[in-house]
Structure formats: C-alpha cells, structure tokens
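Q: I am new to this structure and would like a close look at one part of it. Please pick one residue, start there, and work outwards to its surroundings.

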Amino acid sequence: MAKKKNKTGLIVLLIICGIVIGVIASVIVMTLLNKNGAGVKETQPSTKQETVAESQSTGETFDDSTANDPIPTDEMNIAVIKVNDSEVTMKEVNVYLYQLRDFYTSQYGESPWNTEMEDGRKLHEYAKEELYNGLVRTEILNSKAEEYGVSLSDEEKQQCADEAKAYMDELGAAIAQDFALTEEGVRIKNEKQALSTKVYNAALERLAETAEDGSDEALARSFEEMYESWKSEYTITNDPIWDNIVIGSVG
C-alpha cells in the first residue's frame, strides 16, 4: 500500500514538473520573440535617423560654410545688365563692387557711403551710377571691336588670366568667399577692360585722321559725342537684382 502511494506521488510530481517546464519554456520563447520584435522596431527609426543625418551632412548649410565652399553657379551667371546681346554677369559685377568699396574706403574712411556730393547725391548713389555707366560703356565699346579691327591676342588673354589668378591669390579664400569673388569673374573683367581700351584708342586714332583740332581734349570730346550716338542705338536692360544692389553694403 505504501509502495502504491509512493508511485502515485511520483507520477503527480512528474506531471507538475512537466507543466512547470512547459510554462517556463513558453515564457522563454515569448521573451525571445518579443526581443526580436523590439529589435526590428528599434532598427527602423535608427535607420531613418542615420538617413537624415547623412542628408544634412551632404546638404548646403550656412552655418557650416567655409571660405573654400563653392559659390552657387546659377547666381554668379545671372545677367545683371544686358546691352543688346552682350551680358554683364553677377560674377563680374561683384568684382567691381569689391574694388569700388576698397577704393572709396581707402579714400574716405570705413563708412563714406552717406557722404553728400556737390550735386546732392549720396556717395553710394554716385558710385552706383558711375559703375553702371562704365559697365554699359565697356560693352558698347567691345561690340565695336570688329569694326575697328582690334582684338586680344592669346598672349594678352593669358596675361589677363595670370593677373586674375595673382589677384585672387593675394586676396585669399576668406575675402573671396565673403565678397563672392571668383577668378573667372576677375579674368572676364580684365579681358573686357583690355579690349575696350584698344577700341577706344583705335577710335581716337580714326577721329584724329579727319579732325581739325587734333588735341587730346578735342579728340576726347569728339569721341564722347560719337559714343552717345552709338549708345542711342542700343537696347539696354537691367535685371531687378541691379536695383537691389547698394554700393558699400557688400561684406
């Protein structure tokens, strides 16, 4: 009788142990499944965060810009002034703006722009008008290059390029970035000025051939009269960006 009870107790104990082991196994399996599920859920937002970080690192930001960052090409190629089919782009204008600022501040101090001129205009207004007239004049003169049989030689173009590189090297990357200056802009400016000077001199020589008064002053007056006649035949237009330019505000 005692042996039968012992057997029965052993069987019951084994059944209970089996149930406990089954429960424990189920808990372990569920735990593992939950952990794997949580791992998948955590991985997805992590991947999204890395993607955002990568996109931010490759995108353009103002805070992270340095002197070596490229200036947007589309902005630099805006045609600020058009004289018939000829264009004066922003990269050229920026060079003049910097050089004007450099010239006037060296002559009149760091903040000369509200200085009143004799005609009542402020210095910044006078400087902008003079710049505009000079840019238009250069384009008109250069359009007459073929008529006067002048052009820049390869050596002269190379000289313009060399001078542009030397100029930019002297300024340094930081100033170039601050004032949106490019070597190409300086080179184009140099070439246009060199060619317009050749046209001007050729025009004076031709005027001198028939002039009654061959003095420099008389020839200069004759040229100005001829230039005004040329100018009246040209269509000159400005991009709205020109109206927003304020001499001296750059940098």
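A: Start with Thr 105, which is buried, with a relative accessible area of 13%. Buried here means under 20% relative accessible area, so Thr 105 falls in that class. The model is a predicted one.

Where is Thr 105? Its place is in helix α3. That helix covers residues 90-108. The side chain of Thr 105 reaches back to the backbone oxygen of Asp 102, at 3.2 Å. Thr 105 also touches residues further along the chain. Leaving out residues up to four places away in sequence, Thr 105 touches Glu 110, Pro 112 and Trp 113.

Trp 113 leads on to the aromatic residues of this part. Tyr 104 and Trp 113 form an aromatic pair. The pair is edge-to-face, with 5.9 Å from centre to centre and 70 degrees between the planes. Tyr 104 and Trp 113 are both buried. For Tyr 104, the relative accessibility is 9%.

Tyr 104 has another aromatic partner, Phe 103. This pair is edge-to-face too: the centres are 5.1 Å apart and the planes stand at 75 degrees. Phe 103 counts as partly exposed, at 44% relative accessibility. Buried needs a value under 20%, so Phe 103 misses that class and Tyr 104, at 9%, meets it. In the protein, the count of aromatic pairs comes to nine.

Now move past the helix. Glu 116 lies in the loop between α3 and α4. Glu 116 counts as exposed, at 55% relative accessibility. The cut-off for exposed is over 50%, so Glu 116 passes it. Not counting residues up to four places away, Glu 116 touches Arg 121 and Lys 122. The C-alpha atoms of Glu 116 and Tyr 126 are separated by 9.4 Å, and these residues are ten apart along the chain.

Go the other way and you meet strand β2. Thr 89 has its place in this strand, which spans residues 86-89. Thr 89 is buried, with a relative accessible area of 9%. Its contacts, leaving aside neighbours within four places, are Met 76, Asn 77, Ile 78, Ala 79 and Val 80.

Next comes the nonpolar interior. Nonpolar side chains tend to be buried together in soluble globular proteins. In this model, the largest nonpolar core has 38 residues. The members that touch the most others are Ile 81, Val 93, Leu 131, Leu 135, Phe 223, Trp 230 and Trp 242. Helix α3 supplies at least two residues of this core, as do β1 (79-83), α4 (123-143), α7 (183-210) and α8. The most come from α4, with eight residues. A second core is separate and has nine residues, among them Val 95, Ala 164, Met 168 and Leu 181.

Trp 230 is worth a stop. Leaving aside neighbours within four places, Trp 230 is in contact with Ile 140, Leu 141, Lys 144, Tyr 148 and Phe 223. Trp 230 also belongs to one aromatic cluster, together with Tyr 148, Tyr 200, Phe 223 and Tyr 227. Tyr 227 has a charged partner as well. The charged end of Arg 137 sits over the ring of Tyr 227, 4.8 Å from its centre. Another such case involves Lys 189, whose charged end sits over the ring of Tyr 96, 5.4 Å from its centre.

Ser 232 follows in the loop between α8 (216-231) and β3 (236-238). Ser 232 is exposed, with a relative accessible area of 61%. A polar atom of its side chain lies 2.7 Å from the backbone oxygen of Ser 229.

Finally, step back to the whole chain. The protein has nine helices and three strands. Along the sequence, the pattern reads α-α-β-β-α-α-α-α-α-α-β-α. Of its 251 residues, 28% count as buried. Contacts between residues at least 6 apart in sequence include many across the chain: 69% of them join residues at least 24 apart. The accessible surface comes to about 16800 Å², and 53% of it belongs to carbon and sulfur atoms.

Methods. Residues are numbered from 1 along each chain as its sequence is written. This is a predicted model: local features need pLDDT of at least 70, side-chain atom pairs count only at pLDDT 80 or more; totals for chains, interfaces and linings use all residues. Side-chain values use heavy atoms; hydrogens and water are left out. Helices (H or I, at least four residues) and strands (E, at least two) are DSSP runs, numbered from the N terminus. Buried means under 20% relative accessible area, exposed over 50%, partly exposed in between (1.4 Å probe, protein chains only). A polar contact is a pair of N or O atoms within 3.5 Å; within protein, one must be able to donate a hydrogen and the other to accept it, and residues adjacent in sequence count only if both atoms are side-chain atoms. A nonpolar core is a set of buried Ala, Val, Leu, Ile, Met, Phe, Trp, Tyr and Cys residues joined through side-chain atoms within 4.5 Å. Contact means heavy atoms within 4.5 Å. Rings of Phe, Tyr and Trp (its six-membered ring) pair if their centres lie within 6.5 Å; planes under 30 degrees apart count as stacked, over 60 as edge-to-face and the rest as tilted. A charge sits over a ring if NZ of Lys or CZ of Arg is within 6 Å of the ring centre and within 35 degrees of the ring normal. Accessible areas come from the Shrake-Rupley method with a 1.4 Å probe; for residues, only the protein chains shown count as cover.
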